[in-house]
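Thanks for sharing this one with me. Below are my notes, set out as numbered points to read beside the model.

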2 protein chains.
Amino acid sequence: MNELREKAKRAKELTTELGLKTTEEKNAALLSMAQQLVKEQSFILAENEKDQAAGRQNGLNDGLIDRLSLTEARIADMAEGLKQVAQLNDPIGEELEQFTRPNGLTIRKVRVPLGVIGMVYEARPNVTVDASSLCLKAGNAVLLRGSSSAIHSNKAIVAVLHRALEKTTIPTAAIQLIEDTSRETAAELFKLNEFVDVLIPRGGSGLIQTVVQNATIPVLETGVGNCHIYIDESANKEMALSIAVNAKTQRPSVCNAAETILVHQTWANKHLNELVAILNEKNVQIYSDALLKNMFPQFQLATESDWADEYLDYKVALKVVPTVDEAIRHISKYGTYHSEAIISETSENVEAFLNQVDAAAVYHNASTRFTDGFEFGFGAEIGISTQKLHARGPMGLEALTSTKFHVLGNGQIKK
Amino acid sequence: MNELREKAKRAKELTTELGLKTTEEKNAALLSMAQQLVKEQSFILAENEKDQAAGRQNGLNDGLIDRLSLTEARIADMAEGLKQVAQLNDPIGEELEQFTRPNGLTIRKVRVPLGVIGMVYEARPNVTVDASSLCLKAGNAVLLRGSSSAIHSNKAIVAVLHRALEKTTIPTAAIQLIEDTSRETAAELFKLNEFVDVLIPRGGSGLIQTVVQNATIPVLETGVGNCHIYIDESANKEMALSIAVNAKTQRPSVCNAAETILVHQTWANKHLNELVAILNEKNVQIYSDALLKNMFPQFQLATESDWADEYLDYKVALKVVPTVDEAIRHISKYGTYHSEAIISETSENVEAFLNQVDAAAVYHNASTRFTDGFEFGFGAEIGISTQKLHARGPMGLEALTSTKFHVLGNGQIKK
């Protein structure tokens, strides 16, 4: 039996035990993990340095090296995250419904863990800690499959977490790292229905599509966001400018940042110059169709990919539309079901937009940047679901649970 | 563009419109469908006769011919089912949560349709009507992919349903039959993520596994049930006998029927003869290990498949176990996460069983035959989910919905 199957089997065997751990036991483990991370930070930083050196040698760009890099401050953040998860309500055992049927059967619907969760992610070592903490709090075992470029960091972090768990009642195998980062092993993981209940990919669209296309295990699809801001005819000028700029530039690298701005013709006639000026000021490169580019020579000509893909950068696609319906049609064609906003003072158009645009979150007069577990008040999140099954939008602890019916009788048989 | 892609694209294009249909519009369509089915029953029966004749020619056994066959009474049942679905509460538009964040954003979580549902099923023409009615009530478009052996019946039923919809405001394309029943087209359907939101297979384990193994679209896995009745040391004799016999024989062909009876050693010493006698009386063939077979020569020797697979017949696997823990271990090894029961008067053992057995429904002192949408009070069901994501146990209308966040602001931007 190879490493993957062995660890997956071990995880599966643990599920009953983990599901019965008390809130106190789980919180004690989370706090122990927080403490141990800080205590062993120099070990983690030294191992992380190996990944950074290898990354530089392999020509990773500065952005990727930055994502990979750990510092004392970042380790302190991870420890803080663990403490916050300890403070979240424990979802396990919660009774969601209880009712008695005419035949006397009492039916209770209770929250239970999902079981074994396979996390598949890229070179962000903080995901190792974040995912482990949320999975543990929801009573699950987690199999971590990170990127080979972060393997030293991930091994070090998991070793430290294990030393933390050894001081508690939570078995170390609740958190296991798949050290073999080959593609073959990943492919095997995606089809390990025997032991794994759900896969959660976290990363770019390439990674997510690889998992969706190859998995036979159910997948919680997260996070590609080709988000739009639609500025309606009646939009308040100051509000529209402020939201468009915020959604695009407050943090361009994240999935809830805006990638396309759609502007109603009438509003554009009055205020487009100002919108363009303010985007220029923020160093945002604008991509548009030929008509608009004729008016603004500094624009780039948009290709199909400019409408369809995320920039995650100081770039934005800009389009003038004749009606709210045309804006909705554009979003329906190019959107990725993540976060979409309308800025408008016309309630009829707002209603149409909120009801007809298909997305996890639809906004009126606010920035798409709020689609986030903390901003919604759910606490830490495992990702943002852009699919319609199980969980949609920011996924907190509840998304890591399932339910079970307890049916209590006194001899009932079916007539 | 082939038939499948054309119909799937048409379904996808309809989703916004269907999601906005009122309860009255949807109910009017359901009642029109009920009426039209009865009105055109001789046409449906004549077409069904062609499937029956082909089935006999192809050597289908009596059970399969029976599943395939329609009668006036069965058509009346389908019409009755449609009327019942019309009476169910409309889940769409329901507000599940509403809260206001410190920054003034109001967040509403509302129920919305899933979108396009692909139903993949075997030769039961009633599924054509049942699935269509539930999908329609929950605001979804449905693509029906039935078996080639029921193709005449399915075409006739869908033609009749279309004539019913033409009298209403619901477009006929809300319900579409994929007439090409080739394997290639099924394989293409399983990967049509562009247009289809979820697949629901309904049928035997072969069909379900084919969908799970080949789909890239999320699957709602339904219904294989290798269900166990565990009779504990302290079980009331009469109750245990009554429940075991009911769970096995009240309707052996369904997924919530019992397939294995586990008996505690002490109870067995006292009452096993009686259990065997009563099963014999009901013509149930018993499969056991060699030890038990030595005591009861009329038993058959159980193979691995007797413990692992569904009989769906007057057959049962029987095993004596030393402890409740051993019963739980056996179920954990062979169960299919469907319905599992303990018969016991010892609360400690009941607690252990209910908490440790991993299944959609765990029973105390009742027959597993109650795992059913009607018995749980949910109304008609689209199937019984045995997976942990999205929906678990009997799936009614709510399982055919998703949610969406409406985020309402007055200019909020992220700091």
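1. Let me begin with a cut-off that several points rely on: a residue is called buried under 20% relative accessible area, exposed over 50%, and partly exposed in between. By that rule E194(A), at 48% relative accessibility, counts as partly exposed. Please also keep in mind that this is a predicted model.

2. Staying with E194(A), where does this residue lie? E194(A) belongs to the loop that runs between α8 (183-190) and β6 (198-202) of chain A. Setting aside residues up to four places away in sequence, E194(A) touches R5(A) and K12(A). If you would like a distance to check, E194(A) and I175(A) are 19 residues apart in sequence, and their C-alpha atoms are 18 Å apart in space.

3. Now the overall picture of chain A. The chain holds 15 helices and 16 strands. Taken along the principal axes, its C-alpha atoms fill a box of roughly 70 × 70 × 35 Å. The radius of gyration is 24 Å, which agrees with the value near 22 Å for a compact globule of 415 residues.

4. How much of chain A is buried? Buried residues account for 57% of the 415 residues. The chain exposes about 16100 Å², and carbon and sulfur atoms supply 47% of that area. As for contacts between residues at least 6 apart in sequence, 71% of those in chain A join residues at least 24 apart.

5. On charge, chain A carries 42 positive and 52 negative side chains. The centres of these two sets lie 5 Å apart.

6. Next, the relation between the two chains. Two copies of a chain are related by a rotation about an axis and a shift along it. Here a turn of 180 degrees and a shift of 0.0 Å along the axis lay chain B on chain A with an RMSD of 0.0 Å. The two copies are thus related as by a two-fold rotation axis. What share of the interface residues of chain B are also interface residues in chain A? The share is 100%, so the copies meet through the same surface.

7. H390(B) deserves a look of its own. Of the residues of chain B, H390(B) comes closest to the rotation axis, with its C-alpha at 1.8 Å. This histidine sits in the loop between β14 (383-385) and β15 (393-395) of chain B. H390(B) is partly exposed, having a relative accessible area of 22%. Its phi is positive, about 70 degrees, although H390(B) is not a glycine.

8. N365(A) also has a positive phi without being a glycine, here about 55 degrees. This residue lies in strand β13 (residues 361-366) of chain A. Is N365(A) buried or exposed? With 3% relative accessibility, N365(A) counts as buried.

9. K12(B) is a place to look at contacts across the two chains. The residue lies in helix α1 (residues 3-19) of chain B, and at 18% relative accessibility K12(B) counts as buried. Which residues does K12(B) contact, leaving aside its neighbours within four places in sequence? From chain A there is Y337(A). From chain B there are V116(B), E194(B), F195(B) and D197(B).

10. E40(A) is found in the loop between α2 (23-39) and α3 (41-57) of chain A. At 14% relative accessibility, E40(A) counts as buried. Apart from neighbours within four places in sequence, E40(A) is in contact with V160(A) and R163(A). The C-alpha atoms of E40(A) and A156(A) are separated by 9.4 Å, with the two positions 116 residues apart along the chain.

11. Lastly, R56(B) lies in helix α3 (residues 41-57) of chain B. A relative accessible area of 46% makes R56(B) partly exposed. Not counting residues up to four places away in sequence, R56(B) touches E49(B) and I65(B). R56(B) and E72(B) are 16 residues apart in sequence, and 21 Å apart in space from C-alpha to C-alpha.

Note on methods: Residues are numbered from 1 along each chain as its sequence is written. Chains are lettered from A and ligands numbered from 1 in the order in which they are written. This is a predicted model: local features need pLDDT of at least 70, side-chain atom pairs count only at pLDDT 80 or more; totals for chains, interfaces and linings use all residues. Side-chain values use heavy atoms; hydrogens and water are left out. Helices (H or I, at least four residues) and strands (E, at least two) are DSSP runs, numbered from the N terminus. The radius of gyration is taken over C-alpha atoms; the globule rule is 2.2 Å times the number of residues to the power 0.38. Buried means under 20% relative accessible area, exposed over 50%, partly exposed in between (1.4 Å probe, protein chains only). Contact means heavy atoms within 4.5 Å. Accessible areas come from the Shrake-Rupley method with a 1.4 Å probe; for residues, only the protein chains shown count as cover. Lys and Arg count as positive and Asp and Glu as negative; His and the chain ends are not counted. The place of a charge is taken as NZ of Lys, CZ of Arg, CG of Asp or CD of Glu. Copies are superposed by least squares on the C-alpha atoms of residues with pLDDT of at least 70 in both.
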